[in-house]
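Welcome! Open your viewer, get comfortable, and follow along one selection at a time.

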Amino acid sequence: MKKIYFDNAATTHVDQRVLKAMLPYFSNDFGNASSLHSLGQKAEAAVLKTKDIISDFLNCKAEEVIFTSGGTESNNTVLKSVFSDYQGHLITSAFEHPSVLDTAKFLNKRGVEVTFIKPESNGVVDYQKVLKAIKSNTRLISIMYVNNEIGTIQPIGKIGKELAEINKDREKKILFHTDAVQATYFVPMDIVRLRVDFLSMSGHKIYGPKGIGVLYIKNGIRITPLLHGGHQENGFRAGTYNVPSIVGLGKAISLLTSSEHAKEVVKIKKLRDSLMTKVLKIKGVTLNGDKISRLPNNANFLFKNIEGESLLLKLDMEGVACSTGSACASGSLQASHVLLSIGVKPENAHGSLRLTIGKDNTIRDIDHFVDVLKSIVKQLRSFSPLR
Ligand SMILES: Cc1ncc(COP(=O)(O)O)c(C=O)c1O
């Protein structure tokens, strides 16, 4: 049976070139990047080279890049570090990834005031609502760059620009963080344009390895580390450098600046547009989130009178991998907090399906999927008590 992978927002496979770059650092070049001997120096050189690649990509300085175990750790580090004394006010959105949302709730229980901005019904946060929520004790604004379920792109540059103006008149500057885990592959990542103080990225969403991520921390900001121990990362993050994964992440990021990558994005968008057009022709199917301000690979549909879980399992039996809600939320049958936040009714929110196209998909995948989907929808609706 043909296998079709449409779950690239959950994770991507490791690109062969990334794997090849990583392999020597598991065996011949296995040194600890903090060791003084030549094996250690070779590992350290690989870590520093990756910092250069990432700083070029983000348009920042190499010393502003620290390595973490992924997006979850980067996000936790920012929020828990800014509010290490559990005081002050945090502004975030109601549809963040759980690594921000649950951290915000954790801090809230310990005394931090939190404002959760509800996105508009198209899945885009109104930047003016964010700015209006600022109070005298606001210390951090954390808004995701791209939502992981519906792929909508948030006005980060706009918030950053306005915030810079507001900060001019404030003695205690408000810091700005964005979770750019889903954005990295597709949208511009220039720190100067975004005007953020912190930015999170993750390796496994961009054809790099799992368990490796980046936290950009603007020069001059001192943070309370999440992990204490060795002196790695200037004391910002203790723990032996994960050299093979760091090298893999660097390779994955360097591939994002090639002309081949630009072509991939055009191809992916064409496939996604074709998918959208075909699926939206099925009766009782609507699109979640804005049609324009969204990632070129994301389609998130709502199926009337169908349980998303049943749809997903039937598709899996036909060799198609996709997702209902976010991967992290599946396994529990709670309605997606993202869909609820944009006003989808709880009874309808269970009928959602997220399809995220990858660079290896083809038009044949789309057409085969649409055929399979049509017959499953027909089958499920004929049994549905919701009909
Ligand atoms: C928007 C967003 N933030 C953070 C994360 C967590 O990243 P990681 O899996 O690297 O911990 C994810 C992963 O799904 C995500 O989509």
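The tour begins at the ligand and then moves to two pairs of helices.

Before you click, note that this is a predicted model, where local features need pLDDT of at least 70, side-chain atom pairs count only at pLDDT 80 or more, and totals for chains, interfaces and linings use all residues. Residues are numbered from 1 along each chain as its sequence is written, and side-chain values use heavy atoms, with hydrogens and water left out.

**Stop 1: the ligand**

Select the ligand and the 14 residues around it; Thr72, Asp179, Gln182, Ser202 and Lys205 come nearest. A residue belongs to this shell if one of its heavy atoms lies within 4 Å of the ligand. By class, the shell holds two nonpolar, ten polar and two charged residues. Here Ala, Val, Leu, Ile, Met, Phe, Trp, Tyr, Cys and Pro count as nonpolar, Asp, Glu, Lys and Arg as charged, and the others, Gly among them, as polar.

Now show the side chain of Thr72: one of its polar atoms lies 2.6 Å from an oxygen atom of the ligand. Lys205 also has a side-chain N or O atom 2.6 Å from a ligand oxygen, and for Gln182 the distance is 2.8 Å. The protein buries 89% of the 390 Å² that the ligand exposes when taken alone (accessible areas by the Shrake-Rupley method with a 1.4 Å probe).

**Stop 2: H3 and H4**

Which helix gives the most to the shell around the ligand? Select residues 71–82: this is H3, with three residues in the shell. Helices are DSSP runs (H or I, at least four residues), numbered from the N terminus.

Add H4, residues 98–109, which packs against H3 at an angle of about 30° with the axes 9 Å apart. H3 is therefore roughly parallel to H4 (angles under 35 degrees count as such). Axes are lines fitted to C-alpha atoms over the stretch in contact, and angles run from 0 to 180 degrees between N-to-C directions.

**Stop 3: H2 and H8**

Finally, select H2 (residues 38–58) and H8 (residues 243–255), packed at about 30° with axes 9 Å apart.

Technical notes:
A polar contact is a pair of N or O atoms within 3.5 Å; within protein, one must be able to donate a hydrogen and the other to accept it, and residues adjacent in sequence count only if both atoms are side-chain atoms. Helices (H or I, at least four residues) and strands (E, at least two) are DSSP runs, numbered from the N terminus. Angles under 35 degrees count as roughly parallel, over 145 as roughly antiparallel, 65 to 115 as roughly perpendicular and the rest as oblique.
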